[in-house]
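This report introduces a protein chain to a reader who has not met it before. Please look through the sequence and the structure, and then read on.

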Amino acid sequence: MFVQPLVGYYSDRCESPWGRRRPFIFIGAAHVVVAVMLIGFSADIGYLLGDSLTSRPRAIIIFVLGFWLLDLANNMLQGPCRALLADLSGRNQRRTRSANAFYSLFMAVGNVLGFATGSFSKWYKVLPFTKTEACDVSCSNLKSAFLIAIIILAITTFLSVTATPEKRWSQAESKPILRANASGEKIIVEDDDNEQEDEEIQEAFIWELFSAFRDLPRPMWYLLVTTALTWIAWFPFLLFDTDWMGREVYRGEPSGPGPFSSLYDRGVRAGSLGLMLNSLTLGVTSLMIEYMSRKLGPKLLLALANTILCISLACTVLITKAAESLSNEPSSPPTTLKIMALLVFTVLGAPLAVTYSVPFALTATFTSSAGGGQDESATGLVLYVRDIVLVPTTATGLVLA
C-alpha cells in the first residue's frame, strides 16, 4: 500500500542519466529475482539452518519473507513500467491505449506460460540439480519453474531498459502542476518562484499524496472511485476462484473424507483450467481494446466491462445454488454445471483485460490533456487506491475463509 506511492514520488523526480523509470524497473526486477530465489530454495535454506524433514519452521519463515518481498517488488515494477509506456506514448491517446492494451496482452502471455510451466511435472528431470534431500519432486518442479522464470525476466528486463532511450528529466524542465478549481474544472498552476517550488518539493510525500487527492480534477475522482469499486468486486474471485470450484461446484472438502478430498482436488484442477481459459480470453481481448476504444470510447468500454463483471459474478451465485440443490453424496457435478462454471472463468477474461489497461490509459489522457504531464504520480494514484481497498478486502476474506 505504501511502496507504490514511494516509488512513484521518487521516480517522477529521478534525475538519473538512465532516465526516470529504468532505474526503478531494474531495481524492481532484481528484487523479484531475490524473492523468487528465497521462495524456491526456502526448503533447502531452512534445512541448512537446522530444519528437519518433518518440521520446517525456518523454511516457512523464509518462504513468507520471500513472498512478502515478491509483493513489494511487483509493486515497485508496475508503476514505473506503466509510466514508461505513458512517457513513450506522449500525448497521443491512441498510442497510449495501444501501449496499455499490449501491457495487458503480455500479462496474459505470462499467465499462460506460468500455467503451462506449472502443469509440467517432469522439470526435476530437466534440471536434476534442483532435487535435493530437503526438496522432493514437487518442490523441485516449483524450483525449476522459478529458475526458468528468472531467465525470462532477465531477458525481458534487459530488452525493456535498452530498447528505447529515455529522456533525462530535470527539475527545470518539469511541467505545470495539475489542479482543479472549486467547480471541479481542470486548471494549470504556474509557479514562477523557483525557491518556493524547491521548498514545496521537499514536503513530506505522504502529505503531498493526500493533497493530490484534494486537487484532482473531477474526471480523475470518478475514475478512482470506479477503480476502487471494481477491484473490490474482482479480488474475492481472484483470491478464491479455484477454491470456489473445489468447494461449491464440486462439493468437495480439502480436509474431508477420501471421496470429498478427491472431489476438491478435481475441482481445483478444473479451476486451474478455467484460469487458463481466462488468460486466453484476456490476451485476445487485449488485442481488441484499441479497436473497441475507438468504436465505443474508453469510458463506455470501461462501463461495459464492469457490467459484464457484475453479470458474471452474479452467475457464480446461481451456479453455487444449483450445485447445492444436488445430492449430498460425493459425486462429480453434471457436465452442464461444469461447462457453466468454466464459461464464467472464460468470459471474465474480457473485463479483466479492460481493467488492466483502460483505467491507466484514461489516467494518462486526463493528466496529459490538462497539462499535467505523463508523470507516475497519477498512475500511482490508481494503483494506490486499488491497494487501499484490497488490503482490508484480502485480510477480511482470509479471516472468514
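## Burial and surface

A residue is called buried when its relative accessible area is under 20%. By that cut-off, 44% of the 401 residues of the chain count as buried. The surface that the chain exposes comes to about 20700 Å², and carbon and sulfur atoms supply 66% of this area.

## Confidence of the model

The structure shown here is a predicted model, and the confidence given with it deserves attention before any detail is discussed. The chain has a mean pLDDT of 78, with 76% of its residues reaching 70 or more.

Two stretches call for caution. Over residues 186–204 the pLDDT stays under 50, although the model gives this stretch 27 contacts beyond four places in sequence. Residues 393–401 also have a pLDDT below 50, and here the model shows 8 contacts beyond near neighbours in sequence. Where pLDDT is low, the predicted coordinates should not be read in detail.

## Elements and contacts

The chain contains 15 helices and 2 strands. When contacts with a separation of 6 or more are considered, 73% of them are made by residues that lie 24 or more positions apart in the chain.

## Aromatic pairs

Across the whole structure, a search finds 5 aromatic pairs. One of them joins Phe237 and Phe345, whose ring centres are 5.3 Å apart and whose planes stand at 55 degrees, so that this pair is tilted. The partners come from distant parts of the chain, since Phe237 belongs to helix α10 (residues 218–249) and Phe345 to helix α13 (residues 335–347), with their positions 108 residues apart. Phe237 counts as buried because its relative accessibility is 10%, and Phe345 counts as buried with a relative accessibility of 0%.

Phe345 also forms an aromatic pair with Trp244, which is tilted as well, with 6.2 Å from centre to centre and 35 degrees between the planes. Because Trp244 lies in helix α10 and Phe345 in helix α13, this pair ties together parts of the chain that are 101 residues apart in sequence. Trp244 is itself buried, at a relative accessible area of 12%.

## The ring cluster

Which residues do ring pairs link into a cluster? They are Phe237, Trp244 and Phe345, and Phe345 takes part both in the pair with Phe237 and in the pair with Trp244.

Definitions and conventions:
Residues are numbered from 1 along each chain as its sequence is written. This is a predicted model: local features need pLDDT of at least 70, side-chain atom pairs count only at pLDDT 80 or more; totals for chains, interfaces and linings use all residues. Side-chain values use heavy atoms; hydrogens and water are left out. pLDDT is the predictor's confidence in each residue, from 0 to 100. Contact means heavy atoms within 4.5 Å. Helices (H or I, at least four residues) and strands (E, at least two) are DSSP runs, numbered from the N terminus. Buried means under 20% relative accessible area, exposed over 50%, partly exposed in between (1.4 Å probe, protein chains only). Accessible areas come from the Shrake-Rupley method with a 1.4 Å probe; for residues, only the protein chains shown count as cover. Rings of Phe, Tyr and Trp (its six-membered ring) pair if their centres lie within 6.5 Å; planes under 30 degrees apart count as stacked, over 60 as edge-to-face and the rest as tilted.
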